[in-house]
Amino acid sequence: MGNEEIPTYDMHQTSFGGVYAATAPAYNCLIRTSPYDPQGQEFIPELADSWEVSDGGQTITFHLHKGVKWHDGTPFSSADAQYTIERIMNPPKGMVSPRGPVFSALIERVEAPDPDTVIVHGKGPSSLLLPIFANGWSVIMPKHILEKDPVNALKSTVVGTGPFKLKEPPTTTLWKLERNPDYFQKGLPFLDEIEIHIITDPRRWWLQC
């Protein structure tokens with residue numbers, strides 16, 4: 001990957017591509033843009049098994065996969081999704097939320113009526129409301145960890161629901177992630193391990209090219 005250091009592991013507090021490359025394999029979004037759609041208009045399930053858009057595009061109801069667990073074994077629920085969205089929209093003091101203004105401009109409120117359902121109420125009908133949840137930066141993070149220290153809890157650790165989890169503590173130049181044996185999408189991932197080598201010296205980066 002490029003000549004970019006990893007100053008934080010919390011994707012919601014940065015737009016650094018290096019942070020995304022290193023941590024994204026450990027997380028899931030509610031939905032994703034289909035890799036088979038060159039137009040980027042088709043969405044596929046991830047943590048949300050299905051969804052409905054109502055009120056002319058103003059309300060989205062996500063029905064979540066059941067049986068999903070965080071890497072530490074804690075069950076995933078709609079409370080995590082609600083907490084994540086609200087944290088992006090209204091970051092706690094001391095947290096910079098690069099995507100917060102967009103979320104706040106589109107979303108009025110978020111509800112979690114039961115553990116398997118999340119309802120997002122927009123401020124008005126918008127074709128942008130659904131796509132913001134398919135953006136790779138809109139990963140869902142664990143409430144049970146973040147609520148202890150909303151600003152710092154995930155700056156130096158990674159606990160997701162994704163197909164890979166940390167194999168060992170990362171260094172400044174190497175991240176090792178291993179296959180999550182409890183991943184909710186059966187049969188995935190296909191790889192057993194990922195190694196991400198970080199080249200922080202731009203001179204070495206050009207030599208590699």
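Colleague: In what order do the four strands of the open sheet lie?

Modeller: This is a predicted model. In general, strands of a sheet pair through backbone hydrogen bonds, either parallel or antiparallel. Here the four strands form an open sheet with antiparallel pairing, and their order is S3-S4-S6-S5.

Colleague: Which are the edge strands of this sheet?

Modeller: An edge strand in this sheet pairs on one side only. S6 does not fit that description, for five bridges join S4 to S6 and five bridges join S5 to S6. The edge strands are S3 and S5.

Colleague: Which helix packs on the sheet?

Modeller: The helix in question spans residues 78-89 and touches S4, S5 and S6. Its direction makes about 165° with that of S5. The helix is H2.

Colleague: How many of the six residues of S6 are buried?

Modeller: Buried means under 20% relative accessible area. On one side of S6, Thr 117, Ile 119 and His 121 are buried, and on the other side Val 118, Val 120 and Gly 122 are buried. Both faces of the strand are thus covered, and the count of buried residues is six of six.

Colleague: Which residue of S5 stands opposite Thr 117 in S6?

Modeller: S5 covers residues 107-114 and runs antiparallel to S6. A hairpin of two residues joins S5 to S6. On the S4 side, His 63 stands opposite Thr 117; on the S5 side, the residue opposite is Asp 114.

Colleague: How many aromatic pairs does a search of the whole structure find, and at what angle do the planes of Tyr 9 and Trp 175 lie?

Modeller: The search finds six aromatic pairs. One of them is Tyr 9 with Trp 175, whose ring centres lie 4.7 Å apart. The pair links the segment before helix H1 to strand S8, over 166 residues of separation, and both residues are buried. Planes over 60 degrees apart count as edge-to-face, and the angle for this pair is 70°.

Colleague: Why is the pair of Phe 103 and Phe 133 called edge-to-face?

Modeller: The ring centres of Phe 103 and Phe 133 are 5.9 Å apart. Since planes over 60 degrees apart count as edge-to-face, the pair earns that term because its planes stand at 85°.

Colleague: Which residue joins Phe 103 and Phe 133 in one aromatic cluster?

Modeller: Phe 103 lies in helix H3 and Phe 133 in the loop between S6 and helix H4, so their pair ties together parts 30 residues apart in sequence. Both are buried. The remaining member of the cluster has Val 118 in S6 as its bridge partner, and that member is Phe 62.

Terms used: Residues are numbered from 1 along each chain as its sequence is written. This is a predicted model: local features need pLDDT of at least 70, side-chain atom pairs count only at pLDDT 80 or more; totals for chains, interfaces and linings use all residues. Side-chain values use heavy atoms; hydrogens and water are left out. Buried means under 20% relative accessible area, exposed over 50%, partly exposed in between (1.4 Å probe, protein chains only). Two strands pair if DSSP finds at least two bridges between them. Rings of Phe, Tyr and Trp (its six-membered ring) pair if their centres lie within 6.5 Å; planes under 30 degrees apart count as stacked, over 60 as edge-to-face and the rest as tilted. Contact means heavy atoms within 4.5 Å. Axes are lines fitted to C-alpha atoms, for helices over the stretch in contact, and angles run from 0 to 180 degrees between N-to-C directions.
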